[in-house]
Amino acid sequence: MSVDPDSNIYKVFVKLLDEGTEVWRPVEAFRVSHNVYQLSGNQPEGEEWQFKAGSIVLCEQKKFTGDVVSGLVAVSAMQQK
């Protein structure tokens with residue numbers, strides 16, 4: 001889902017590592033192409049993201065457990081040219 005319908009800024013969920021349970025951080029991202037986004041924003045101190053800010057990632061839709069909400073999640077890093 002787009003954060004701002006008049007911009008290319010989207011919300012992509014990035015998995016947090018070493019949390020003991022599945023935790024996702026919403027991160028602003030720019031659309032590069034279909035299902036490919038570049039993560040922006042700042043990684044809060046003390047959090048370890050599966051993909052760092054600035055990474056170009058492939059995303060897919062995910063329905064979150066226990067929620068009626070779905071969103072884009074980063075699933076793999078893309079090679080940067």
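## A five-stranded barrel and its aromatic pairs

Of the 81 residues in the chain, buried ones make up 30%. Please keep in mind, as you look around, that this is a predicted model. The accessible surface of the chain comes to about 5500 Å², and carbon and sulfur atoms account for 48% of it.

**The fold**

Let us begin with the overall layout. The chain contains five strands and zero helices, which gives the pattern β-β-β-β-β when read along the sequence. These five strands close into a barrel, following the order 1-2-3-4-5 with mixed pairing. Ignoring direction, neighbouring strands of this sheet are turned by 55° against each other on average.

In general, strands of a sheet pair through backbone hydrogen bonds, and they do so either parallel or antiparallel. Which of these applies to strand 4 and strand 5? They run antiparallel, and seven bridges join them. On the edge of that pairing you can look for K63, whose bridge partner in strand 5 is S70.

Contacts also tell us something about how the chain comes together. Counting contacts between residues at least 6 apart in sequence, 29% join residues at least 24 apart.

**The nonpolar core**

How many residues does the largest nonpolar core have? It has 14, and the residues with the most contacts inside it are V12, V14, Y37, L39, C59 and A74. Strand 1, strand 2, strand 3, strand 4 and strand 5 each give two or more residues to this core. The most comes from strand 1, with three residues.

V12 is a good place to take a closer look. This residue is found in strand 1, and its relative accessibility of 0% makes it count as buried. Setting aside neighbours within four places in sequence, V12 is in contact with R25, P26, V27, A29, Y37, L39, C59, L72, V73 and A74. V12 and G71 are 59 residues apart in sequence, yet their C-alpha atoms are 7.1 Å apart in space.

L39 offers a second view of the core. Not counting residues up to four places away in sequence, L39 touches V12, V14, V27, E28, A29, F51, K52, A53, G54, S55 and V57. So V12 and L39 appear on each other's contact lists.

**Aromatic pairs**

A pair of aromatic rings is described by the distance of the centres and the angle of the planes. Searching the whole structure turns up three aromatic pairs. Two of them are set out here.

| Pair | Centre distance | Plane angle | Geometry |
|---|---|---|---|
| Y10 and Y37 | 5.4 Å | 65° | edge-to-face |
| W24 and F64 | 6.0 Å | 70° | edge-to-face |

Why does the pair of Y10 and Y37 count as edge-to-face? Its planes stand at 65°, and an angle over 60 degrees places a pair in that class. Y10 belongs to strand 1 (residues 9-15) and Y37 to strand 3 (residues 36-39), so this pair ties together parts that are 27 residues apart in sequence. Both partners are shielded: Y10 is buried with a relative accessible area of 19%, and Y37 is buried at 5%. For Y10, that value of 19% falls under the 20% limit for buried residues.

The rings of W24 and F64 have their planes at 70°, so they also form an edge-to-face pair. This pair links distant parts of the chain, with W24 in strand 2 (residues 24-33) and F64 in the loop between strand 4 (56-63) and strand 5 (70-77), 40 residues apart. W24 and F64 are both buried. Ring pairs also bring in F13, joining F13, W24 and F64 into a cluster.

**Two loop residues with positive phi**

Most residues other than glycine have a negative phi. Against that background, two loop residues are worth a visit. D18 is not a glycine, but has a positive phi of about 60°. Its place is in the loop between strand 1 and strand 2. Is D18 buried or exposed? D18 counts as exposed, at 70% relative accessibility.

N35, also a residue other than glycine, has a positive phi near 65°. You will find N35 in the loop between strand 2 and strand 3. With a relative accessible area of 27%, N35 is partly exposed.

How values were computed. Residues are numbered from 1 along each chain as its sequence is written. This is a predicted model: local features need pLDDT of at least 70, side-chain atom pairs count only at pLDDT 80 or more; totals for chains, interfaces and linings use all residues. Side-chain values use heavy atoms; hydrogens and water are left out. Rings of Phe, Tyr and Trp (its six-membered ring) pair if their centres lie within 6.5 Å; planes under 30 degrees apart count as stacked, over 60 as edge-to-face and the rest as tilted. Helices (H or I, at least four residues) and strands (E, at least two) are DSSP runs, numbered from the N terminus. Buried means under 20% relative accessible area, exposed over 50%, partly exposed in between (1.4 Å probe, protein chains only). Two strands pair if DSSP finds at least two bridges between them. Axes are lines fitted to C-alpha atoms, for helices over the stretch in contact, and angles run from 0 to 180 degrees between N-to-C directions. Contact means heavy atoms within 4.5 Å. Accessible areas come from the Shrake-Rupley method with a 1.4 Å probe; for residues, only the protein chains shown count as cover. A nonpolar core is a set of buried Ala, Val, Leu, Ile, Met, Phe, Trp, Tyr and Cys residues joined through side-chain atoms within 4.5 Å.
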